[in-house]
Structures are given as structure tokens and as C-alpha cells.
Amino acid sequence: PPIAALSPADESRYRVLSEYLAQRYRVSQQVIFDLVTLAHRVGRQHKLDPLLIIAVMGIESSFNPIAESRVGAKGLMQVIPQYHPEKLRPFGGEKAVFDPAANIVVGAQILKEYLRRTGNLGLALQMYTERQRLHRVLARWSAPSLRAKSAAGRTALASNAGSTRMR
């Protein structure tokens with residue numbers, strides 16, 4: 001949503017988070033602000049923690065909307081178009097994978113689907129990301145600089161992360 005649609009409290013929180021991310025990833029603060037705002041909107045729509053969406057973008061693409069991996073993962077959330085054509089279709093097909101809004105929505109849909117399948121955040125992230133990146137995503141999501149969680153949310157995260165030890 002446009003900045004005018006944000007409450008003053010949300011705009012302030014998003015600006016602080018954007019400033020941190022812009023410095024951490026050496027990207028434009030305004031671009032990151034727009035991505036943070038979008039991640040919060042998509043998170044609400046899909047009942048996903050927006051900080052989880054933001055952490056996945058940071059780990060998977062370092063907030064580069066045109067990132068592309070050797071295995072064909074593309075965009076901010078590193079969506080692999082050949083595995084998710086039905087999710088990209090409403091946005092115009094595979095070419096939409098580099099559109100930040102489409103990529104975040106599709107990435108969130110994939111995360112939500114994996115959470116539904118597994119019932120476990122750690123397993124869902126394992127399905128979404130490469131094995132070696134799982135712990136970095138979890139650490140980034142729960143980092144004090146990003147955390148805006150209640151005590152119950154932190155307890156649930158620790159419980160989920162502890163139940164899925166990597167081998």
C-alpha cells in the first residue's frame with residue numbers, strides 16, 4: 001500500500017527496519033522500505049510473519065530483485081518458475097518472476113503451502129531453501145534487530161527450530 005495508507009506507528013517501524021536492512025545489505029533505503037511494506041501486506045494476506053518473508057529475501061537474494069541461481073531460482077524470494085508455473089500464471093507467467101511484488105507473493109504462497117504440508121517452520125524452510133541456509137534464515141528471523149515478536153511467538157519459533165535438527 002502507499003505510504004499514506006500506513007499508520008504512523010507502522011511507517012516508523014518500517015523506516016527503522018528499512019534503515020537497518022539498507023545498511024546491512026548496501027541497498028537503497030527507499031527500495032527496501034517499499035519491500036518491507038510489501039512483505040507486511042503479503043504477510044497479512046497469507047497469514048505469514050512478514051519478518052520471515054523479509055529474512056528469506058535477505059538470505060536468498062540479498063534483496064536483489066534480479067538475482068538468479070545456478071539451479072534457476074529467480075528474484076527476491078528465489079522462486080524456481082519451472083516448479084511453480086500455476087502460481088506465476090496470474091501474474092503473467094514465468095516472466096513475472098523478476099517483478100518484486102509477484103515474486104514476494106509467489107514466494108509467500110510457496111512458504112505457506114510448505115507450512116501447511118509439514119506443520120513445522122523448520123521443515124517448511126528446509127523444503128524452501130537449501131539445507132545450509134536453513135539455520136541462517138532462522139537466526140536472521142529471530143535476531144534482536146529484526147524481532148518484533150511476542151514472548152509466545154519467540155517460544156513457538158524456538159520450539160519449531162529445536163524440533164528439526166539438521167543431519
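**Packing and loop residues in a predicted model**

Modeller: In this predicted model, a polar atom of the Asn 120 side chain is 2.9 Å from the backbone nitrogen of Leu 123.

Colleague: What makes this pair a polar contact?

Modeller: The limit for such a pair of N or O atoms is 3.5 Å, and the distance from the side chain of Asn 120 to the backbone nitrogen of Leu 123 is 2.9 Å. The pair therefore falls within the limit.

Colleague: Where is Asn 120 found, and why does Asn 120 count as buried?

Modeller: Asn 120 belongs to the loop between helix H5 (100-118) and helix H6 (121-128). Its relative accessibility is 9%; buried means under 20%, so Asn 120 counts as buried.

Colleague: Why are H5 and H6 called oblique to each other?

Modeller: Their axes cross at roughly 130° and come within 8 Å. An angle of that value is not over 145 degrees, as roughly antiparallel would require, nor does it lie in the range 65 to 115 for roughly perpendicular. H5 and H6 are therefore oblique. The crossing of H5 past H6 is right-handed.

Colleague: Which residue classes make up the contact of H5 with H6?

Modeller: Ten residues are nonpolar, two are polar and one is charged. Among those in H5 are Ile 110, Leu 111, Tyr 114 and Arg 117, and those they meet in H6 include Leu 121, Leu 123, Ala 124 and Tyr 128. Arg 117 is charged because Arg is listed in that class.

Colleague: Why are H1 and H3 described as roughly parallel?

Modeller: Helix H1 (residues 8-25) packs against helix H3 (residues 50-61) at an angle of about 15°, and their axes are 12 Å apart. Since angles under 35 degrees count as roughly parallel, the description applies to H1 and H3. H1, too, passes its partner H3 in a right-handed crossing.

Colleague: Which residues of H1 and H3 meet?

Modeller: Leu 17, Leu 21 and Tyr 25 in H1 meet Leu 51, Ile 54, Gly 58 and Ile 59 in H3. The contact holds six nonpolar residues, one polar residue and no charged ones. Gly 58 is polar here because Gly is placed in that class.

Colleague: What is notable about the phi of Ser 62 and of Phe 63?

Modeller: Most residues other than glycine have a negative phi. Ser 62 has a positive phi of about 55°, and Phe 63 has a positive phi of about 65°. Ser 62 is in the loop between H3 and helix H4 (85-88), as is Phe 63.

Colleague: How do you know whether Ser 62 and Phe 63 are buried or exposed?

Modeller: The relative accessibility of Ser 62 is 37%, which lies between the cut-offs of 20% and 50%, so Ser 62 counts as partly exposed. Phe 63, with a relative accessible area of 5%, is under 20% and is therefore buried.

Colleague: Why is Asn 64 called partly exposed, and what does Asn 64 touch?

Modeller: Asn 64, also in the loop between H3 and H4, has 32% relative accessibility. That value is over 20% and under 50%, so the term is partly exposed. Leaving aside residues up to four places away in sequence, Asn 64 touches Gly 75 and Leu 76. A polar atom of its side chain also lies 2.9 Å from the backbone nitrogen of Ile 66.

Notes
Residues are numbered from 1 along each chain as its sequence is written. This is a predicted model: local features need pLDDT of at least 70, side-chain atom pairs count only at pLDDT 80 or more; totals for chains, interfaces and linings use all residues. Side-chain values use heavy atoms; hydrogens and water are left out. Axes are lines fitted to C-alpha atoms, for helices over the stretch in contact, and angles run from 0 to 180 degrees between N-to-C directions. Helices (H or I, at least four residues) and strands (E, at least two) are DSSP runs, numbered from the N terminus. A crossing is left-handed if the near helix is turned anticlockwise from the far one by less than a right angle, and right-handed if clockwise. Contact means heavy atoms within 4.5 Å. Buried means under 20% relative accessible area, exposed over 50%, partly exposed in between (1.4 Å probe, protein chains only). A polar contact is a pair of N or O atoms within 3.5 Å; within protein, one must be able to donate a hydrogen and the other to accept it, and residues adjacent in sequence count only if both atoms are side-chain atoms.
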